[in-house]
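Work through the exercises below with the sequence and the model side by side. Try each task before reading its solution.

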Amino acid sequence: MEVKKIKIIGDWTEELKLYQPNFERYYLEKSLKAMGDEEKYKKLNHHNIIHAEKKILRNSRGFLDPKTMPTLESLRDLIGLKDSQLIILKYNRGETNLLHKDYIPKYDHVEREGLEREEQVHEWKNTHYIRMLMLLEDRKPGQYMQMGDMMLNNWDAGDLYFYNGQEIYHSAGSCGDDPRYVMRITGIPTPKYNDFMSKEVHHI
Amino acid sequence: MNDIIVDYITQTPGDYEIPSMAYKGKKFRTVFFLDDFKLAQFVEVNDKLIRDWKKYDKFTSTNSDSYASMNLSLDARSYIAVYHDSESVTLEQAIDKIKNASF
């Protein structure tokens, strides 16, 4: 099973309008300084380096506000990951995340105050974390995503995809008129999470 | 063959063509792929993904079809887009057009 799909049914249309791009990518510079090993850094950050050197636009990222986004925030409890991080990714026209594997850097942990996360770092990766993506709107023209051999140009709001992003290459981007919104969910598996994954449809 | 319009395009990582129905006044648009397909190189016509092409494969769409592309791979991809009114066009005709172009 390279990619598993689960359906989340709910209405978060109004909450999505409150998106703010308030989660910067400071972890890159911090990781470089801490790692002190240029070759290792380049290997782990290959696509990040290409993005930076070629000035290829990246998607923005934003925290969930649990007060104004209660429906989306409820996913945290529903999915049941430990030390979970839920952030919204927004791809405007021309913004991409080129082909890469996740390395989930040490310094990209803390989502907001009160949601500290446990660190188990090996080779500057948090190898015990898993990650999944939930599409927040129906697909619009010019929006793309790829996970392993699966290349998608068709999805519905609430489609949630799980795959091992540390093992298989993936990418996403948009060249259309409308922004592409995705929820990125990261955390440590628990028995509750295993129960969540055993069902094909969930309501929030 | 003077009635064709030829574009030679290289998409480096992150490059794209926005969803479009621009056919430059012609009936058809034929794309000649100049590299083998690589994962995350998106090409679509009327929401149908085109993938797994081989170098010199071609794909023709009509001016009622929308098309778009985006290169999310880490490799550049090149192709020739030919806009034409005749039913078919060859890569040789496209190359001749480029060779004889005046700038």
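**Exercise 1: a sheet in chain B**

Task: establish the strand order of the open sheet that contains β2, and find its edges.

Solution. Four strands of chain B form this open sheet, in the order β2-β7-β4-β5 with antiparallel pairing. Strands are DSSP runs of E, at least two residues long, and helices are runs of H or I, at least four long, both numbered from the N terminus. Two strands pair if DSSP finds at least two bridges between them. The edges are β2 (16-20) and β5 of chain B; each has a single partner strand, so one side of each is left without a neighbour in the sheet. From one strand to the next, the twist averages 25°. Now check one pair. Three bridges link β2(B) to β7 (residues 67-71) of chain B in the antiparallel sense. In β7(B), Y67(B) stands opposite S20(B).

A note on the model: it is predicted, so local features need pLDDT of at least 70 and side-chain atom pairs count only at pLDDT 80 or more, while totals for chains, interfaces and linings use all residues. Residues are numbered from 1 along each chain as its sequence is written, and chains are lettered from A and ligands numbered from 1 in the order in which they are written.

**Exercise 2: the edge residue L49(B)**

Task: locate L49(B) and decide whether L49(B) is buried, exposed or partly exposed.

Solution. L49(B) lies in β5 (residues 48-50) of chain B. Count its neighbours. L49(B) has 14 C-beta neighbours inside 10 Å, so L49(B) counts as partly exposed. The cut-offs are 20 or more other C-beta atoms within 10 Å for buried, 12 or fewer for exposed, and partly exposed in between, with C-beta atoms placed from the backbone. Next, list its contacts, meaning C-beta atoms, placed from the backbone, within 7 Å. Leaving aside neighbours within four places in sequence, L49(B) contacts M151(A), N153(A), F42(B) and E44(B).

**Exercise 3: the other sheet in chain B**

Task: order the strands of the open sheet that contains β1(B), then find the helix that packs on the sheet.

Solution. The order is β1-β8-β3-β6 in chain B, with antiparallel pairing. β1 (5-11) and β6 (58-62) of chain B are the edge strands, each pairing on one side only. Neighbouring strands are turned by 20° against each other on average, direction ignored. β1(B) pairs with β8 (residues 77-84) of chain B over seven bridges, in the antiparallel sense. One bridge joins Q11(B) to R77(B) in β8(B). The helix is α1 (residues 91-99) of chain B; α1 touches β1, β3 (28-33) and β8 of chain B, and its direction makes about 90° with that of β1(B). Axes here are lines fitted to C-alpha atoms, for helices over the stretch in contact, and angles run from 0 to 180 degrees between N-to-C directions.

**Exercise 4: two helices of chain A**

Task: find the buried residues of α5(A) and α4(A), and say how they are placed around each axis.

Solution. Start with α5 (residues 70-79) of chain A. L72(A), L75(A) and I79(A) are buried there. Seen down the axis, the buried residues of α5(A) fall within an arc of 25°, so they line one face of the helix. The arc is that of the directions from the helix axis to the C-beta atoms. These buried residues pack against α1 (13-16), β3 (82-91), β12 (180-188) and α6 (191-197) of chain A. Just after α5(A), G80(A) has a positive phi of about 80°.

Move on to α4(A). Here H47(A), N48(A) and H51(A) are buried. They cover an arc of only 105° around the axis, which puts them on the same side of α4(A). K55(A), just after α4(A), takes a positive phi of about 55°.

**Exercise 5: where the chains meet**

Task: describe the side of chain A that touches chain B.

Solution. Count first: 21 residues of chain A contact 19 residues of chain B. α4 (46-53), β4 (96-100), β8 (143-147) and β11 (170-174) of chain A each supply at least two residues of that side of chain A. β4(A) gives the largest share, three residues. Finally, zoom in on L72(B). Not counting residues up to four places away in sequence, L72(B) touches several residues, among them T96(A), L98(A), L99(A) and Y144(A).

Terms used. Contact = placed C-beta atoms within 7 Å.
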